[in-house]
Amino acid sequence: MAGVTPPRILIVDDRRENLLATQALLRPLGAEIITADSGEKALNLVLKTEFAIVLLDVQMPVMDGFETAQLMKTRPSMANVPIIFITAISKEDHFATQAAQIGAVDYIFKPINPDILKSKVSVYLDLYRQREQILQLNASLRQSNEELERFAYVCSHDMQEPVRMMNSYATVLTEFAGDELSDDSKRYLDYIRDNAVRMQKMIRDILNFSRVGREEVKLEVVNCREIYDEVVHEFHDTIVRKHAVVMSDGLPILKTSPTLMRVLLQNLVGNALKFQDGSQPPEVSVTAKREGHLWRFDVADNGIGIDPAFSSRLFTIFQRFHREDDYPGTGIGLSTCRKFVRLCGGDMSFTSRPGEGSVFTFTLPDGD
């Protein structure tokens, strides 16, 4: 991948002919090779250079390979760097054990088999390259996400004022000049106000979506039944108008985010009441049960259901599958819910069949 620094190999041996031979053997692997003929020089190098792998001779004057490796491992940058010892000393088990305790990944005896050494080093170079690519991708994705969230946040704030003014002036015009306006003019003003209100809701939803992940999630002891009761009370007029039945069972007290629980229930209960065809009174149930260290919540309804063909897109932001006039909304609610749930260590899914209702399931850690 472009931009990834070529891996570096450090070869440490007090014999020049060994350094040259190992260097020639490993050069085709495409890494930058740096050599040192003593433990002291090797330690100076790891202070200022990052290495993918170290090949370290055990028998060296002044400071042997074991001492050098122990001092190397005290450097934070060397903590995860693989060290391969190369030695001609005894093959007794305690030498290999000592090497492993220091943090060596291998212990190769002389005379070296060139193919084996080359193969081992190649594996660790590949692992290094893959790790560097992942780190670079993660950094790039993190930056992109932060820029997108910042963009959404700034744009939403900047858009709120003109939309609010559109709604306000349309209302003022209707109130003060209503008698002088034609039916077409009144209809146009109603159209402006309706779309301004719709835009305001979309802006609020974008703001909520962009905030998730930007702000610290504060956990506290939450009585889910109390939040459920508050949410149901908010939908009182809709429940009465549609003759709906909304019930719950087993809602726990757990340590989580009260904001998350409210967002989840507002969206899922609201959708369950909204996505109905009017052929029967809505029935909505919110239940919970413990599964290991998680709590599983199910929000079930008898609504219009969801085509399985849409399953991969349902939680994608701005995705809508119905006309705005039939089922108003912004297509952001479910995206916000799943993003928030995953941020708190859970997940969200659904099962549904067209005309047979839906069950939305989310899990949350018990918080213990």
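These legends describe close-up views of a predicted model.

**View 1. The largest nonpolar core and the elements that build it.**
The largest nonpolar core holds 38 residues. M261, L273, F297, M348, F362 and L364 have the most contacts inside this core. Seen by element, two or more residues each come from helices α7 (224-234), α9 (258-274) and α10 (333-343). Strands β9 (283-291), β10 (294-301), β11 (347-352) and β12 (358-365) also give two or more each. Helix α9 gives the most, with 9 residues. Another core lies apart from this one. That other core has 24 residues, including I34, A42, V54 and I83.

**View 2. F362 and its contacts.**
F362 is among the residues with the most contacts inside the largest nonpolar core. Which residues does F362 contact, leaving aside its neighbours within four places in sequence? M261, L264 and L268 are on the list. So are W295, R296, F297 and V299. V341, D347 and M348 complete the set.

**View 3. The hairpin of β9 and β10.**
Strands β9 and β10 form a hairpin, with 2 residues between them. In the turn, G292 has a positive phi of about 65°. The two strands pair in the antiparallel sense over 8 bridges. One partnership to look for joins R290 to W295, which sits in β10.

**View 4. β10 beside β12.**
Strand β10 also pairs with β12, in the antiparallel sense, over 7 bridges. Here R296 stands opposite T363 of β12. Why is β10 largely enclosed by the rest of the structure? Of its 8 residues, 6 are buried, so the rest of the structure largely encloses this strand.

**View 5. Helix α10 and the glycine after it.**
Helix α10 spans residues 333-343 and is one of the elements giving two or more residues to the largest core. Its buried residues begin with the run G333, L334, S335, T336 and C337. F340 and V341 are buried too. V341 is also in contact with F362. Just after the helix comes G345, with a positive phi of about 95°.

**View 6. Q23 in helix α1.**
Q23 lies in helix α1, residues 16-26. Is Q23 buried or exposed? The relative accessible area of Q23 is 18%, so Q23 is buried, given that buried means under 20%. Not counting residues up to four places away in sequence, Q23 touches I11, I33 and T35.

Note on methods. Residues are numbered from 1 along each chain as its sequence is written. This is a predicted model: local features need pLDDT of at least 70, side-chain atom pairs count only at pLDDT 80 or more; totals for chains, interfaces and linings use all residues. Side-chain values use heavy atoms; hydrogens and water are left out. A nonpolar core is a set of buried Ala, Val, Leu, Ile, Met, Phe, Trp, Tyr and Cys residues joined through side-chain atoms within 4.5 Å. Buried means under 20% relative accessible area, exposed over 50%, partly exposed in between (1.4 Å probe, protein chains only). Helices (H or I, at least four residues) and strands (E, at least two) are DSSP runs, numbered from the N terminus. Contact means heavy atoms within 4.5 Å. Two strands pair if DSSP finds at least two bridges between them.
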